[in-house]
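Let's learn to read a few structural features together, one question at a time.

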Amino acid sequence: MKKWIDKRGGAGRLKNSALAAVFMTGLLGLTACGGDISAAGSSGGASGAAAACGTFNVAVNPWVGYEADAYVVGTVAKQKLGCTVNYKTLKEEVAWQGFGSGEVDTVLENWGHPELTDKYITKDKTAVDAGQTGNTGVIGWFVPPWMAKQYPDITDYKNLNKYADLFKTSESGGKGQLLDGDPSYVTNDEALVKNLNLNFKVVYAGSEPALIQAFRQAEQNHTPLIGYFYEPQWFLNEVPLVKVNLPAYTAGCDADAAKVACDYPKYDLNKIVSSKFASSGSPAYKLVKNFNWTNADQNAVAGYIAKDNMSPEAAAKKWIDANPDKVAAWLK
Amino acid sequence: MSTVTSARERKAGPAVKPPASSTEARSASVLSTLRRQWRRTLLVAVVLLWVVLWAVLHGTQTLEIGGADKTDVHLWLNSVRDAFDSARTNSAFFEYVVQPITDGVNGLVTFLQSLFSQGTATRPVPQVGWLGVVALLAWLTFTFAGIRSMILVAVCVLLFGFFGYWQQSIDTLIVTFVTVVLCAVVGLPLGIWMARSKRASSVLTPVLDLMQTLPSFAYLAPLALVFGIGPAAAIVTTIIYSLPPLVRITEHGIRNVSPTTLEAVTSMGGTAWQTLVKVQLPMARRTIVVGINQCTMAALSMATIAALINGPGLGQPVLQSLQSLDVGGAFVSGLAIVLMAVMLDRTTTAASERSVVAARFQKRSRSGLMPGPKRRVTIVTIGAVLAGVAVYLSHSYLALAQFPASPDLGSPLASAVSNATQWVVNTFAGFTGWLKDTVTAALVDPLQSLLAQAPWWVMVIVLLGVALALGGLRAAAVTVVCEAVILGTGLWNESMKTLATTLVATLLVIVAAMALGVWMGRSKIVDSAIRPILDALQTIPSFVYLVPALALFGPTRFTAIIAAFCYGVPIATKLVADGIRGVSPVTVEASESMGTTSWQMISKVQLPMSRSAVVLAANQGLLYVLSMVVVGGLVGGGGLGYLVVAGFSQSQLFGKGLAAGIAITALGVMLDRITKYTAARLGRD
């Protein structure tokens, strides 16, 4: 026991001098030059272009389709323009907050968000619209394909009450369950159920993974499910959900949120950039402004990420290598 | 999730009944029996009243409000947020206080990242490469914690790399380090102050409660508004959650320094400062290190949440995997967090044990009795030189700077886990569906109906009566205040729904904890087999098992209950096991000699004698369950949890989300105090 204590004591007294020693050696190491890293540094990228572009801060909103947009644009900016790209994982709300402080340069897939548009574009003037992405957002009620096949008339909302019993769950209190997902998305579902006199109850899944997992299980086990969904979405490549037709959308039919009795409008998804970034003259701004692709393009990249488990960088690179002419058009 | 302190405080209390031989004690025990019967009568009366009133009035005056409806309080909270937002640009406070802090923290983290984890615009790799980092960490642990810790650290750190999360792991280490240092700078003085001043303690305790129980989702967005998007906001979020355990444990440690020692020092003419620095701090050292250890664990548990506002580290891959429902990927990154928790926990514990020994030795060595052995000096010095060389090499050579891509342990492990999960889901989906439906119909629905469908004033009276019967007057007083707060948030009905799922989850936790805890408490082998699993369940981010839970149970309240169950069981089980083991061996032997069976032993001796430990386990289980309400909201739990999530996602619902967060806190404080006072009473009887 005594001897054991001895050893520790020695260490205690030694601490300072040894610490100093390692610190000095470390310092020496850092100041000294040599090895192969300086070479790696210069081979790494177009350092001349880097000065022109500088840093490019891309918000990454938390869904895979958005990730596809972000990493494709980011990779092009890095490879072709020599930008230093920072990806920032943020919810929409927080991402828009970052426009004013310069922490976020662009949001690459915006789904409407009238309240944010009003606050940051109209009032604060910290953000501007940078045009459409070419993707069309469709929101609505969907059923798994097996149900559409077995009950062909289920895709008309008028027949939903007939099937309400099928959709009963432990959560829906005796009515049919209409499953809603991530609370960030605009939904009119409670009003719709009420105004269309449907014998359904809206149940909140709470997140996108919960919603997708529910649809996946429903198709796999042939259990009934109806829920809120949207495209573009990589999951539709895995399970092609079938949309239920609600009364057609007409301009202004959703003006009063409590009285909505019509389908969701189609969203032309757009890009938002910070005002500072727009006037900075960065080549990345031109890239963002020109960036445009189809739902199929996005679903392809999102599928590489979600289904093939590729890293977002690798998925983006794969698509970029396969579509050189589309990329070239963005760089003009 | 309060608190480790309470656990320690209770354990210190008397667990064994004093012998009641004198007449005085006998009459006291008669009185206490009477009192207990009075409590029981009250409890029965309250429950009867509740059921009768519910039967007559259910569905009326439930204070239910629709999903998009907002009360004045919610709108007011929104307006406060907006005022904050506009004040940000032209306020001196922001410019001269908040901004420098933000810049300072961001600068520090970026600097450390450029040193150890990430390249910069001018250099593609960090200044110190992987080899240097491994060598430095190994040398540091060897010097401060010994050879066993060194091996553990080296293996863990290399595993992070082989899992494919080298950079994220080092980022997490950096963020945790900065957080813990800042916590120590703020928390130690606070803890000392609270130990020395009753008033400071009574003012700060509710604040600490609030910091620990207010769900971070509720304040994440405004924090990002104040501290910007970057490491600073993530670190502040983490500090809010991880500071309280450090402060509480420090206070506890200093207050528990023996009063006789303090008197001796005062009588020798020591000043207050001398007493603190020379006596209280050194004597409380071990406890304070426990505080730092708990602070570190709490900081790690925030990694995933902080990633929501772009906090660097391992939380990012967890969230990213969750988006594409990649169970394997989420598991591997979650496992890295577990390994880091194990590594930091064992290392800080070892270092603290050693420092105590070293301190004791130093005192003796001053008298010149024991010169230090040369051998160890030499080893540490050689180690330093080796580490220095490794740092230099990893600075200069790319292969030693960038972690090698192979062997890649991450991908095979991820796909194995994915396949295993798939198999479990396919095999058990039928059974789990039945289980979900049964528990929901038998427990969740009736209880929720009783709680949420009864008129609000009935529930106010019922909760008050229960608090009075179980916890006494003080518990009832707290309950009144908490009820007022919940009513004030305008979310009474949602709160009752959340209370229902919380109670069901807690019930399941207690049942499981009793079974497992008794088993562990009676057998050392079982204990050492189960404990690591419990540790892992406690530290793995819950986001990792949400997807399999969803696959098995669908987005339902039951899934939320399961998630809470997984998180609450470990702590409750450990407390029950400790309680069982704490039963005096003499008593156990005595009953054994009288020929009791195992079952009699458990039910008549061990459980009754560790009654207060069981109630404490219920208390902690409850609080852990409650801290999962928001996670439950992500998987269909509804109630307050969903509102908090919605408030984080939609700006117009911010106020409602914050109000829901406050309601969760009020529920937590209420349940905590009721169970705590009950435990204290049972410990006394």
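Q: How do I read the crossing of α4(A) and α13(A), and which hand does the crossing have?
A: Two packed helices are described by the distance between their axes and the angle between them. In this predicted model, the crossing of α4(A) and α13(A) is right-handed. A crossing is right-handed if the near helix is turned clockwise from the far one by less than a right angle, and left-handed if anticlockwise. The axes of helix α4 (residues 64–81) and helix α13 (residues 283–290), both of chain A, come within 10 Å and cross at roughly 140 degrees. Axes are lines fitted to C-alpha atoms, for helices over the stretch in contact, with angles running from 0 to 180 degrees between N-to-C directions. The two helices are therefore oblique to each other; under 35 degrees would count as roughly parallel, over 145 as roughly antiparallel, 65 to 115 as roughly perpendicular, and the rest is oblique. Helices (H or I, at least four residues) and strands (E, at least two) are DSSP runs, numbered from the N terminus.

Q: What is the angle between α11 and α12 of chain B?
A: Helix α11 (residues 259–267) and helix α12 (residues 272–283) of chain B cross at roughly 165 degrees, and their axes come within 11 Å. That makes α11(B) roughly antiparallel to α12(B). The crossing of α11(B) and α12(B) is right-handed.

Q: Before we go on, how are things numbered and counted here?
A: Residues are numbered from 1 along each chain as its sequence is written, while chains are lettered from A and ligands numbered from 1 in the order in which they are written. Local features of this predicted model need pLDDT of at least 70, side-chain atom pairs count only at pLDDT 80 or more, and totals for chains, interfaces and linings use all residues; side-chain values use heavy atoms, with hydrogens and water left out.

Q: How many salt bridges are there over all chains?
A: A salt bridge is a side-chain nitrogen of Lys or Arg within 4 Å of a carboxyl oxygen of Asp or Glu. By this rule the count is 26 over all chains. One of them joins B:Asp578 to B:Arg581, at 4.0 Å from N to O. These two residues are 3 apart in helix α25 of chain B, so about one helical turn separates them. Another pairs B:Arg673 with B:Asp672 at 2.4 Å, N to O. Both B:Arg673 and B:Asp672 are buried (under 20% relative accessible area; exposed is over 50%, partly exposed in between, with a 1.4 Å probe and protein chains only). They belong to a network of salt bridges that also links B:Asp209, B:Arg248 and B:Lys676.

Q: Which backbone angles stand out, such as the phi of A:Asn309?
A: Most residues other than glycine have a negative phi, and most peptide bonds are trans. A:Asn309 has a positive phi, near 55 degrees, and is not a glycine. A:Asn309 sits in the loop between α14 (295–306) and α15 (312–322) of chain A. B:Leu325 also has a positive phi, about 55 degrees, and lies in the loop between α15 (315–323) and α16 (327–365) of chain B. At 6% relative accessibility, B:Leu325 counts as buried, whereas A:Asn309, at 48%, is partly exposed.

Q: Where is the cis peptide bond?
A: The cis bond joins A:Glu231 and A:Pro232, with omega about 5 degrees. A:Pro232 lies in the loop between β7 (226–231) and α11 (235–238) of chain A.
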